[in-house]
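Subject: Structure handover

Hello,

Here is the structure I promised to pass on. Please open it next to this message and follow along.

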Amino acid sequence: GETLLLVDAGRGVIQRLAAAGVFPGMLGAVLITHLHSDHITDLNDVITTRWIMSPQPNPLMIYGPVGMKKVVDGIMMMLGSDIQYRLDHHDDLNDAPAVVVVEVSPADVFTVGEVSVRVGATDHRPCGPTVGFRVEGADATVVLGGDGIPCDTLDELCAGADGYVQTVLRDDLVKLVPLPRFQDILDYHSTVEQAAQTATRAGVGTLVLTHYVPGIAPGQEDEWRALAAAHFAGEIVLGDDLTSVTITRP
Ligand SMILES: [Zn+2]
Ligand SMILES: [Zn+2]
């Protein structure tokens, strides 16, 4: 069996899923690390597309931090007119989208399909509460750290994981842009080096960097990789959109 999880639902997520060969109806669950708009802005599209393209009612499980229910309630309100149009139009569509929201807290454990998921606290203050997910399957354990700076609870969540996916920025490059709102992001995101240090402390196998700020300029890939490699001896993957990584337990 295959268990498909979507972790966060930012801009264009349906197009990226499609390009990866995944139709939203196939998702076992959506896991949301935090409620910043760049992580939830297209959750509404996941809900609608799964609903309208599933031949039978196909409830969507959404796991997220406290505050998730309020966000999904708001999405459902926003979709109200559309839902009614479609119910009126399609004779074979008789139920509104079924969405089950579970608000999770650190140390919670839940099961999706064939994997077990443990929740850990992350530090992305003043945004909060925020969480990371440790996904344990038969072949590997992978942690999705979401946004945030290094912290003890993230180290603990990552301990001994085979893979660790972390959103990162380059503080040296961000500091070159003299805009206060850009400088503000420095204090609540891991740098490439910090992500690598977390990976080393936790003894993970593969570090996957993603959600780069700024975007990696063509030709600078080796530079980004080298910054991480100075602090982490394991495999380093630059996780551009649609990157596929196979991670297995050694
Ligand atoms: Zn964020
Ligand atoms: Zn973000």
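Below is what I found, starting with the metal sites and moving on to the strands and the aromatic rings. Please keep in mind that this is a predicted model.

**Zinc ion (ligand 1)**

The protein supplies His 34 (NE2), His 36 (ND1), His 124 (NE2) and Asp 147 (OD) as donors to the zinc ion (ligand 1). They lie 2.2 to 2.3 Å from the metal. The 4 donor atoms subtend angles of 89 to 163°, so the arrangement counts as irregular. A tetrahedral label would need all angles between 85 and 135 degrees. Along the chain the spacing reads H-x1-H-x87-H-x22-D. Distant parts of the chain are linked here: His 34 is in the loop between β2 (29–31) and α2 (37–40), and Asp 147 is in the loop between β8 (141–144) and α6 (152–158). These two residues are 113 residues apart. Both His 34 and Asp 147 are buried.

**Zinc ion (ligand 2)**

The zinc ion (ligand 2) has Asp 38 (OD), His 39 (NE2), Asp 147 (OD) and His 211 (NE2) as its protein donors. Distances run from 2.1 to 2.3 Å. What makes this arrangement irregular? The 4 donor atoms subtend angles of 85 to 161°, which makes it irregular. The donor residues are spaced D-H-x107-D-x63-H in sequence. Again, distant parts of the chain are linked: Asp 38 belongs to helix α2 and His 211 to strand β11, 173 residues apart. Asp 38 has a relative accessible area of 37%, so it is classed as partly exposed. His 211 is also partly exposed, at 26%.

Which residue bridges the two metals? Asp 147 does, with the zinc ion (ligand 2) and the zinc ion (ligand 1) lying 3.4 Å apart. If you parametrise the sites, start with that shared residue: Asp 147 coordinates both ions.

**Strand β9 and its partners**

Strand β9 covers residues 163–169, and 7 of its 7 residues are buried. Both faces are covered. Gly 163, Val 165, Thr 167 and Leu 169 are buried on one side. Tyr 164, Gln 166 and Val 168 are buried on the other.

The pairings of β9 are as follows:

- β8 runs parallel to β9, joined by 3 bridges. Val 142 stands opposite Gly 163 in β9.
- β11 (residues 206–213) also runs parallel to β9, with 6 bridges. Tyr 164 has Leu 207 in β11 as its bridge partner.
- β10 (residues 190–191) is parallel to β9 too, with 2 bridges. Here Leu 169 is partnered by Thr 191 in β10.

The crossover is worth a look in the viewer. β8, α6 and β9 form a β-α-β unit, and it is right-handed.

**Antiparallel strands β5, β6 and β7**

β5 and strand β6 (residues 115–121) pair in the antiparallel sense over 4 bridges. Val 112 stands opposite Val 115 in β6. The hairpin of β5 and β6 has 2 residues between the strands. Within that hairpin, Gly 113 takes a positive phi near 55°. β6 then pairs with strand β7 (residues 131–136), antiparallel over 6 bridges. Ala 121 has Val 131 in β7 as its bridge partner.

**Rings**

How many aromatic pairs does a search of the whole structure find? The search finds 3. One of them is Tyr 63 with Phe 110, and it is stacked. The centres are 3.8 Å apart, with 5° between the planes. Tyr 63 lies in strand β3 (residues 60–65) and Phe 110 in strand β5 (residues 109–112), so the pair ties together parts that are 47 residues apart in sequence. Tyr 63 and Phe 110 are both buried. Ring pairs also link Tyr 63, Phe 110 and Phe 133 into a cluster.

There is a charge over a ring as well. The charged end of Arg 170 sits over the ring of Trp 224, 5.2 Å from its centre.

**One more residue**

Ser 81 is found in helix α5 (residues 80–89). Is it buried or partly exposed? With a relative accessible area of 45%, Ser 81 is partly exposed. The C-alpha atoms of Ser 81 and Lys 69 are separated by 20 Å, and the two are 12 residues apart along the chain.

Best wishes

How values were computed. Residues are numbered from 1 along each chain as its sequence is written. Chains are lettered from A and ligands numbered from 1 in the order in which they are written. This is a predicted model: local features need pLDDT of at least 70, side-chain atom pairs count only at pLDDT 80 or more; totals for chains, interfaces and linings use all residues. Side-chain values use heavy atoms; hydrogens and water are left out. Donors are N, O and S atoms within 2.8 Å of the metal (3.2 Å for Na, K and Ca); water is not among the atoms, so sites may look incomplete. Four donors count as tetrahedral if all angles lie between 85 and 135 degrees; four count as square planar and six as octahedral if opposite donors are over 155 degrees apart and all others between 65 and 115; anything else is irregular. Buried means under 20% relative accessible area, exposed over 50%, partly exposed in between (1.4 Å probe, protein chains only). Rings of Phe, Tyr and Trp (its six-membered ring) pair if their centres lie within 6.5 Å; planes under 30 degrees apart count as stacked, over 60 as edge-to-face and the rest as tilted. A charge sits over a ring if NZ of Lys or CZ of Arg is within 6 Å of the ring centre and within 35 degrees of the ring normal. Two strands pair if DSSP finds at least two bridges between them. A crossover is right-handed if, with the strands pointing away from the viewer, the path from the first strand over the helix to the second runs clockwise.
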